[in-house]
Amino acid sequence: QVQLVESGGGLVQPGGSLRLSCAASGSIFVIRINAMGWYRQAPGKQRELVAAITSGSSTNYADSVKGRFTISRNNAKNTVYLQMNSLKPEDTANYYCSAGRNVLGPTDYWGQGTQVTVSS
C-alpha cells in the first residue's frame, strides 16, 4: 500500500499564496506509480483534477489554474508540491494528493485532504 500525507493548507486572502506538500510512503512498487497529482473538491461540486506530474516531470494543469499554480516533485523525498499563487475565492476547496498509473490524472491512491480557504 501507498500512504499519502498532505500538509500546507490554511486560510489566505485573495491574491495570496500557499504551498501544499504531499509525502508518499509505503511500498510504491506495489503498483507502478507513473504520476502524482492534486485534485480539489468544493462543497456541492465534483472532485476535479488541478494538476498532475509524471515520473519524468511532465505536467498538466486545469485551465482554471494555468499560470497561477505550479506542480513539482522531489523524487529523492517521494514528495510532490503544489505552489499556488494569485489565489482566488473560487480556489477554496479541500485539496487531495493522489498517485497512480494514469499520467493524465492518477487516482489509485489518495491522501486525506487539506483545506484551502481563500477569503478576506
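What is the order of the strands in the open sheet of 4 strands? The order is β1-β3-β8-β7, and the pairing is antiparallel. Keep in mind that this is a predicted model.

Start with the edges. These are β1 and β7, and each of them pairs on one side only. From one strand to the next, the twist averages 15 degrees.

Now take β1 and its neighbour. β1 pairs with β3 in the antiparallel sense, over 6 bridges. Within that pair, glutamate 6 stands opposite cysteine 22 of β3.

Look at the side chains along β1. In a regular strand, side chains alternate between the two faces of the sheet. β1 shows the alternation: Val2, Leu4 and Glu6 point to one face, and these are buried. Gln3, Val5 and Ser7 point to the other face and are not buried. So Glu6 sits on the buried face of β1, and Glu6 is also the residue opposite Cys22.

Over to the other edge. β7 and β8 are antiparallel too, with 6 bridges between them. Two partnerships to find on screen. Threonine 70 has glutamine 83 of β8 as its bridge partner. Asparagine 74 has threonine 79, again in β8. The hairpin of these two strands has 4 residues between them. One of the hairpin residues to check is asparagine 78, which takes a positive phi near 50 degrees.

Next, the core. Which residues touch the most other members of the largest nonpolar core? That core has 29 residues, and the answer is Leu4, Met36, Trp38, Leu82, Met84 and Tyr95. Leu4 we have met already, on the buried face of β1. Several strands supply at least two core residues each. The four strands of our sheet, β1, β3, β7 and β8, are among them. So are β4 (35-41), β5 (48-54), β9 (93-100) and β11 (114-118).

Zoom in on leucine 82. Leaving aside residues up to four places away in sequence, Leu82 touches Leu18, Arg19, Leu20, Trp38, Val50, Ala51, Phe69, Thr70, Ile71 and Tyr95. Two of these contacts, Trp38 and Tyr95, are on the list of core residues that touch the most other members. Thr70 is there as well, the residue whose bridge partner is Gln83.

Last stop, threonine 54, in strand β5. Is Thr54 buried or exposed? Its relative accessible area is 14%, so Thr54 is buried, the cut-off being under 20%. Beyond residues up to four places away in sequence, Thr54 touches Asn34, Ala35, Arg73 and Val103.

Key: Residues numbered from 1 in each chain as written. Predicted model: local features only at pLDDT ≥ 70, side-chain atom pairs only at ≥ 80, totals over all residues. Heavy atoms only, no water. Core = buried A, V, L, I, M, F, W, Y, C linked by side-chain atoms within 4.5 Å. Buried < 20%, exposed > 50% of the residue type's maximum accessible area, 1.4 Å probe, protein only. Contact = heavy atoms within 4.5 Å. Pairing = 2+ DSSP bridges. Axes fitted to C-alpha atoms, helices over the stretch in contact; angles between N-to-C directions.
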